[in-house]
Amino acid sequence: MRFAVLASGGGSNLQVILDRIHDGALPAECVFVASNNSHAGALERARVARIPAHHISSKTEGSEEAATAKLLALLEKNSCSLLVLAGYMKKVPVPVLQHLRNRVVNIHPGLLPAFGGVGHYGEKVHEAVEKRGCQFTGVTIHMVNEEYDEGQIVLQRTVPVPTGANAMAIGRLVLKKEHDSYWRVLKAFAEGDIVPTESTNPSQAVRINPEWLKSIRALDGPSLQ
Ligand code: GAR
């Protein structure tokens, strides 16, 4: 499976994915990494792994339309079958979603639909979880469509919030669960346990093997399901 990654930040999720490819656990190839942020740690991590790293933004290309055209051209040239958002803080342009229909996947640091949508990203989610005094938070991996955080959910895993934990502590626990989750979902795409459909119904973007889901749920034990 050939996939590309869009990332805006430090890229720790990207790093785990690259590590799992390197150690043979994930049978897939990351063909390029692109970022809207020239300082993104994710670009540096890609370079270290000798993966083409592109800074693509309206500033580098002259306009949003030109930036979209550049990204589309890269996806086509590299025959990508999946676009992986790993800490990507912008909306994916509609032409890209049309090109890779039901083949764009995102990780969100909370239990959607709670704490999702505009303004809920990264540590903002953990701050909201702390403020609300939630006993549980978690990770959601979902397919991407035109609306923020609203595509079909592929996998959710729960993280208990220890009493008195602040947003930073919550964020650390959630990130650890993200690192154990995203590569498993990519592996499921690579091995056919998750299959993109041609459906225009956002809730039927992919077919998920229930046995695969059961095996992932078993990782957390019965108390967290
Ligand atoms: C991760 O927690 C990811 O879930 C979140 O950004 C962080 C990126 O960390 N993504 C979003 O909030 C998307 N709405 P990383 O750069 O270290 O992988």
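This is a guided tour of a predicted model, moving from the whole chain to its two domains and then to single residues.

Residues are numbered from 1 along each chain as its sequence is written, and because this is a predicted model, local features need pLDDT of at least 70 and side-chain atom pairs count only at pLDDT 80 or more, while totals for chains, interfaces and linings use all residues. Side-chain values use heavy atoms, with hydrogens and water left out.

**The whole chain**

Begin with the entire chain in a cartoon view, where eight helices and nine strands can be found; helices (H or I, at least four residues) and strands (E, at least two) are DSSP runs, numbered from the N terminus. The radius of gyration is 17 Å, close to the 17 Å that the globule rule gives for 225 residues, so the chain is as compact as a globular protein of that length; this radius is taken over C-alpha atoms, and the rule is 2.2 Å times the number of residues to the power 0.38. Along the principal axes, the C-alpha atoms fill a box of roughly 50 × 35 × 35 Å.

If you colour by burial, 48% of the 225 residues are buried, where buried means under 20% relative accessible area, exposed over 50%, and partly exposed in between (1.4 Å probe, protein chains only). Of the contacts with a separation of 6 or more, 64% are between residues 24 or more positions apart, a contact being heavy atoms within 4.5 Å.

**The two domains**

Next, select residues 1-100 as domain 1 and residues 107-225 as domain 2; these bounds come from an automatic or database domain assignment. The centres of domain 1 and domain 2, taken over C-alpha atoms, are separated by 20 Å, and the contact takes 20 residues from domain 1 and 17 residues from domain 2.

**Strand β2 and A34**

Within the range 1-100 of domain 1, select strand β2, residues 29-35, and pick out A34, which is buried with a relative accessible area of 2%. Not counting residues up to four places away in sequence, A34 touches V5, L6, A7, L43, H54 and I56. For a distance to draw, the C-alpha atoms of A34 and T68, 34 residues apart along the chain, are separated by 12 Å.

**The loops on either side of β5**

Move on to the loop between α5 (94-99) and β5, where N102 is placed. Phi of N102 is near 65°, a positive value in a residue other than glycine, and N102 is buried, with a relative accessible area of 12%. Most residues other than glycine have a negative phi, and most peptide bonds are trans.

Then select the loop between β5 (104-108) and α6 (122-132), which holds P113. The peptide bond that joins L112 and P113 is cis, with omega about 10°. F115 is also placed in the loop between β5 and α6; F115 has a positive phi of about 55° although it is not a glycine, and at 13% relative accessibility it counts as buried.

**Helix α7 and S181**

Finish with helix α7, residues 167-191, and select S181 within it. At 1% relative accessibility, S181 counts as buried, and, leaving aside neighbours within four places in sequence, S181 is in contact with I141, L155 and R157. As a last distance, draw a line from S181 to P93: their C-alpha atoms, 88 residues apart along the chain, are separated by 26 Å.
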